[in-house]
Amino acid sequence: AEYMGPSQDMVLGLYFLTKQKKNVTGEGTVFADKNEVMFAYNSGQLHMQAGIKLRLNNEVVDTTVGRVILYNTLPEGSDINLINQAMRHKNLEKMVSHVLCVD
């Protein structure tokens with residue numbers, strides 16, 4: 001079966017999920033791990049588009065809450081840099097290729 005690419009709804013939804021917004025709840029907060037981010041988000045302490053700092057693989061990464069949500073859906077061991085940006089169509093194609101191991 002041939003892969004057709006993400007639908008426009010997926011592109012728009014993932015762009016909204018991964019874009020960063022200034023001056024929102026939780027902006028600039030530092031987290032020890034992904035679970036801490038998700039707990040704070042689910043508790044209403046963070047805006048989905050807040051820019052945060054996350055400790056991941058012994059590095060501190062500048063990212064957003066929405067990007068952590070997306071990262072949690074990727075296969076274990078995926079590189080966060082694959083999705084650490086406002087996701088547009090080309091970025092989504094790269095991500096899907098990575099996940100499906102399609103060249």
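**Notebook: helix α4 and its surroundings**

I began at the end of the helix, where α4 is followed by Cys101, a residue whose phi is positive, near 55 degrees. I keep in mind throughout that this is a predicted model.

I then looked up the extent of α4, which covers residues 89-100, and found that its 12 residues reach 16 Å from the first C-alpha to the last, close to the 16 Å expected at 1.5 Å a residue.

Next I asked which residues of α4 are buried. I noted Asn91, Leu92, Met95 and Val96, and, looking down the axis of α4, I saw that its buried residues fall within an arc of 130 degrees, so they line one face of the helix. On the face turned away from that buried side I found the exposed residues Lys90 and Lys94.

I followed the buried residues of α4 outwards and recorded that they pack against α1 (8-18) and α3 (65-71).

For Met95 I listed the contacts, leaving aside residues up to four places away in sequence, and obtained Leu70, Leu74, Leu82, Ile83 and Met87.

I turned last to the largest nonpolar core, which has 27 residues, and noted that Val37, Ile52, Ile83 and Met95 are those that touch the most other members. When I traced where this core comes from, α1, α2 (34-42), β2 (51-56), α3 and α4 each turned out to supply at least two residues, while α3 gives the most, with five. I set beside this the general remark that in soluble globular proteins nonpolar side chains tend to be buried together.

Terms used
Residues numbered from 1 in each chain as written. Predicted model: local features only at pLDDT ≥ 70, side-chain atom pairs only at ≥ 80, totals over all residues. Heavy atoms only, no water. Helix = DSSP H or I, 4+ residues; strand = E, 2+ residues; numbered from the N terminus. Expected span 1.5 Å × (residues − 1). Buried < 20%, exposed > 50% of the residue type's maximum accessible area, 1.4 Å probe, protein only. Arc of directions from axis to C-beta. Contact = heavy atoms within 4.5 Å. Core = buried A, V, L, I, M, F, W, Y, C linked by side-chain atoms within 4.5 Å.
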